[in-house]
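Colleague: Please take a close look at a single part for me, the surface near the DNA strand. I would like one connected account.

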Protein chains: 2
Amino acid sequence: MRRVRLEDVARAAGVSKATASRVLNDDPSLSVRADTRARIHAAAERLEYRPHPVARALAVPGTGALAMLVPELSNPAYGEMIRFAYRAARARGYVLLAAEDTEEQEADEAFTALVEGGRIDGLLIASARPANRLLEALRRHPVPHVFVNRSVEGALANVTVDVESAARLAFTHLAQLGHVRLGHVAGPRGVQSTEGRERAFLAAATAAGVPLPPVAHGPFTPAGGAAAGERLLREHPDVTAVFVSSLAQAIGVLHAARGAARVVPETLSVIAYDDLPIAHFLDPPLTTIALPIGPLAAEGVEILADMLAGAPPRSSVLDAEPDLRVRASTVSLQREERT
Amino acid sequence: MRRVRLEDVARAAGVSKATASRVLNDDPSLSVRADTRARIHAAAERLEYRPHPVARALAVPGTGALAMLVPELSNPAYGEMIRFAYRAARARGYVLLAAEDTEEQEADEAFTALVEGGRIDGLLIASARPANRLLEALRRHPVPHVFVNRSVEGALANVTVDVESAARLAFTHLAQLGHVRLGHVAGPRGVQSTEGRERAFLAAATAAGVPLPPVAHGPFTPAGGAAAGERLLREHPDVTAVFVSSLAQAIGVLHAARGAARVVPETLSVIAYDDLPIAHFLDPPLTTIALPIGPLAAEGVEILADMLAGAPPRSSVLDAEPDLRVRASTVSLQREERT
DNA sequence: CCGGTTTAGGCAACCGGTTTACCGGTGACC
DNA sequence: GGTCACCGGTAAACCGGTTGCCTAAACCGG
């Protein structure tokens, strides 16, 4: 039971491989009689011919595959992003491979296996890994790439959202509820995406003339959020509201709040960046600012596919309005708590 | 800036492509002088030669890539599984690609693109998709595969854990706490992995002589767990403890309990199958039975790699002891609640 | 010194496509 | 009647490896 080859189709249709190839890829530079064309298509259909991408990849530059690097597959937010990217990639005729790009040694292996191995044509990078290491790898072995939800200097292309306005929205929401003593649980230091959030949030606070919110850093995990939240609440027990840099961390912050005998939302309001179904099911349901994951991923794929089609790299900032989803974790500051 | 080819290495070392290839793959059937061998290796090193897997895949059967099909990338449990599988695959010299295999149309596309496209050598399947559709696709286009955490009749190989003893452990834990009126939130109907859990849990209850626990089915998501939990608690308000088929659902069940004015654990104990860091950070921290995800994934990869190396398919049941992680969501039945 | 066996390595086919260059006929035009 | 421009294709090289088969030289015993 062998694989059906192009040659089989060609023989069945009574033409040469070359003609079969051109007809099936409808090469405009070839003139061919309509009935010959029909015979070839019929033969391909009948034999259930499927072109062999590996062979094609050898003949033409390009494998028809893109890879997406995410920092953590066990973070649902990235799963979501991959899903959208996958869909967008299919629409452009590519298949999308997902790979985890942790800080550990093996991360480079993944990169090596995929990129240097020539298995893929382009890279979508949502990795948290310090950009310079990645950029160096990319310089050593250039491959079209776009950073998504990160803006990296020296990168070919970046697609980002307006973090400033999102962080401002978080601030405004808390401020409108009467909160003045704010705190921020940020992602790990040195990660570009978290720094933007932090900077914008602090800037909004400064602009509004409220005290500069203390910041605690931690990994993008529940455990990371718990540790950072615990530290923040211990060192700054007077904060009444916290802006958390990711949903995963917010779960930990909620936990830390309970540990510190704070009741959310009564004695501590919590708002997180990122939205996923799970936010609705937490206790209390979490107020969030939704990141437009779908459009972000799709735009990244579009840019990358355009680059592969010869277009110059372009960066873009999505102009989607940040979407505040008010749930039960933020309430207006209790009267008796006000200073 | 062209890619370094085998031919470049050969020329630099003053030998032919053939010899270079044999030396670099250390083909034992070739006798070659030590200094020639050294020259070739030195040249490869100096030129930073990286073999081109695509070209190699065309020449020999096998691409060096494995794919893992999971039902949902946004479920962290599968992210975890992919991570372990990835590691195990690397150790065997393969790269692992992750793909989502939902019930939707595009699922077949993913399968088609990867398998029929000849991009991969074998398939790890943790998919929830009804096995018959997958099996049919596999029959149409045979490829070595192993089902992980599922036991599918007609499949080449299955690797599973002892669900019976895990479900029995859940039952025993609840029974020892004095619970008699139990309930079960199961996964979607028709999914093999959830049915095993359900069957074993009900069997344990029957064997112990307690009333047959009512069962509510739902998808493996927080929303699915919430809906099923709500239904279960509404139709059977007398249950005092619930066994939930997955961690994702348990988050929803916790939510449903609050909606039904039940306090976990005081008036409702909850135990879930699956363990992830997040379980510790929920409110209350969730008692779970840990699935040995790592060993499961690793064993799946081993079996698959062995098959690809020519070994006959073999199924295996991991004999890891089910691991009960008691946290705060299960307590002994309150005296005043006892019947 | 000669024939046979090793040793060390080369030639060329092949994997399954794509693409460049070319070719035999036919009709139009001068 | 000769030439030129299509039309409708084909043969063969190529992508970057792997591998079966072959051979020139060295070596070896007789």
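Modeller: A polar contact is a pair of N or O atoms within 3.5 Å; within protein, one of the two must be able to donate a hydrogen and the other to accept it, and residues adjacent in sequence count only if both atoms are side-chain atoms. A:Leu58 has such a pair with DNA strand D: one of its polar backbone atoms is 3.3 Å from a base oxygen. This is a predicted model, in which local features need pLDDT of at least 70 and side-chain atom pairs count only at pLDDT 80 or more, while totals for chains, interfaces and linings use all residues. Residues are numbered from 1 along each chain as its sequence is written, chains are lettered from A and ligands numbered from 1 in the order in which they are written, and side-chain values use heavy atoms, with hydrogens and water left out.

Two side chains of chain A also take part. An N or O atom of the A:Ser31 side chain is 3.4 Å from a base nitrogen of DNA strand D, whereas A:Thr36 places a polar side-chain atom 2.9 Å from a phosphate oxygen. Of the strand's atoms within 4 Å of the protein, 56% belong to sugar or phosphate and the rest to bases.

Around the strand there are 29 residues (a heavy atom within 4 Å), and A:Thr19, B:Leu6, B:Lys17, B:Ser21 and B:Arg56 come nearest. By class, this surface has 14 nonpolar, seven polar (Gly among them by the rule used) and eight charged residues (Asp, Glu, Lys and Arg). At least two residues each come from α2 (17-24) and α4 of chain A, and from α2 (17-24) and α4 (53-59) of chain B; helices here are DSSP runs (H or I, at least four residues), numbered from the N terminus.
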